Amino acid sequence: MRTPPNARTSRSRALYEEIRARIGDGTFAPGMALPSTRALAAERSLSRATVTLVYEQLAADGFIETRSGASSRVASGAMAAGPAASPRSSPDQGAVVSQPAGRLSAIGRRVAAFGPRDVRPTVPGEIDFIYGPLSGADFPILVWSKAMRQAERQRVQRLEYDDPRGNLLLRRALHAHLSQTRGLVCSLEQILIVNGSQQALDLCARLLLDPGDRVVVENPGYLAAHQAFAAYGASLACIDVDEHGLKTDQLAALGPAQMAFVTPTHQFPLGSFLSLARRRALLAWANETGAWVVEDDYDSEYRFSVGPEETLQSLDRSERVIHVGTFSKTLSPRLRLGYMVLPPGLVDAFATAKRLSDRHSASGVQRALAVLLEDGSYARHVRRIRRLQLARQRALTQALTLYLGDGVDIQGAASGLHVVVWCRSLPSTAEGALAEAARDLGVRVHPIGPLFHPGSGGPGRPRPAGLVMGYALLDEVQIREGVQRLSVALRQVQAGLAPGQAPGS
Ligand SMILES: Cc1ncc(COP(=O)(O)O)c(C=O)c1O
């Protein structure tokens, strides 16, 4: 199958951005050797010429050094090079990427190196198993508009800034909601409303990390969190994940760390649930080493075949846990509404940082959400959307079993809004080819490779090809149709594999 030229250019651009981001977050440290163009081309199913072009552009932009006959290496001044390290153009299209006229700060340079996020337009008719967005049809438009009207109708005497910690009505309603649904043990004062959990992570990075501090993260894990920490100069210490979540027995060998970031209720992306024994081990380690633990409770509303569990926040006796939650998975990621439950000693610093950052989150949406929480419509909405998501998830797992049968293993179906699908007959190095073949058939699937820390599970590690398959955006008919097409793509890629190329090779 011939790759259309625009698909080739967007893949080379993606490779350029990925390497640039890895240099930016410190995973490709200065002096480190990059894979050979031949190995990388084979791994990504790209031509060697394309990879060579990407390396040449990275070298021209000051990120790497290339020498004929020797490995290309990350440039010694890659992170400190300032404007010289800023890319002038993308390797393929020659498009101008922003270049500052003056000096960026160290944080600015790291952030710039991550590159802009590729916001892809939806192609009509395409079936996208993307994880993240929700279906617009699921948004409770009537109750939300009614609550917004109600919130805005309340005439206030003074249009003044709200409390940086968040609107009092919302914090009260949320306090009751969290103690009821998540068993959180906290006072009203400990709750801070933020613009989605991403702002919470950014505040944690700014207030708790100094350059060089070590942050324990899950591998594979949530890149947006890892980048938020790396942006402030943290070094990431990756710990493997198995079916019981983070392998806490690896903590002792790590030495001190300033923070650990975990998704204990539903490990992202593998979907495991951190066992009680490991929760206790993590808290004991944090207590001994003085580390903060950031608990990302991003989709705990979707628990299908696992019971409620104790959050790290409710188990914590040493005021080490920062609990983070979001309304991005139940209402809409566009609302930018999330919350933190802070240890009492951190409240003032975080409230001040929030004030200095944006004064407070938008008041109208906060008050509308308070109405929804108070009058029971939020709880009703969550019950409804949970049923819908479960039906979609069943459609997905049934279709995978029907069309792909023994060819795949499905992981993480007990909760959440995505599953991980391991294609037994394909090596991880064929993930790109599988995604491309599926795309030619009008289906978008998303390889798991980029969520692994390079060198420890990314492309090239002996494991089968894996896909993170979200279903929140699709209806059951689309899901079945998409999986059927995926099965065709899988067979095409299998047929094109070199003889003897086994999964995990
Ligand atoms: C692990 C994880 N945490 C949190 C979020 C939500 O982020 P936000 O609240 O900033 O929308 C997501 C979104 O996909 C996620 O995957």
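Axes here are lines fitted to C-alpha atoms, for helices over the stretch in contact, with angles between N-to-C directions running from 0 to 180 degrees. On that footing, in this predicted model, helix H8 (residues 223-231) runs at about 160° to strand S6 (235-242). Helix H8 lies across S6 together with strand S5 (214-219), S8 and S9.

These four strands bring us to an open sheet of 8 strands, whose pairing is mixed and whose order reads S4-S11-S10-S9-S8-S5-S6-S7. Its edges are formed by strand S4 (191-194) and strand S7 (245-246), each of which pairs on one side only. Within the sheet, strand S8 (residues 259-262) and strand S9 (residues 292-296) run parallel and are joined by 4 bridges. Ala 260, for instance, has Val 293 in S9 as its bridge partner.

Turning to the ligand, 13 residues surround it, and those that come nearest are Gly 196, Gln 198, Tyr 298, Thr 326 and Ser 328. Helix H7 (residues 196-208) supplies the largest share of this shell, with 3 residues. Sorted by class, the shell holds 8 polar, 4 nonpolar and 1 charged residues.

A further open sheet has 4 strands with antiparallel pairing, in the order S12-S13-S16-S15. Here the edge strands are S12 (408-411) and S15 (446-447), each pairing on one side only. Helix H13 (residues 377-404) packs on this sheet, where it touches S12, strand S13 (418-427) and S16, and its direction makes about 170° with that of S12. At the S15 edge, 2 bridges link S15 to strand S16 (residues 464-470) in the antiparallel sense, and Pro 447 finds its bridge partner in Leu 467 of S16.

Technical notes:
Residues are numbered from 1 along each chain as its sequence is written. This is a predicted model: local features need pLDDT of at least 70, side-chain atom pairs count only at pLDDT 80 or more; totals for chains, interfaces and linings use all residues. Two strands pair if DSSP finds at least two bridges between them. Two residues are in contact if their C-beta atoms, placed from the backbone, lie within 7 Å. A residue is near a molecule or strand if its C-beta atom, placed from the backbone, lies within 6 Å of it. Ala, Val, Leu, Ile, Met, Phe, Trp, Tyr, Cys and Pro count as nonpolar, Asp, Glu, Lys and Arg as charged, and the others, Gly among them, as polar.
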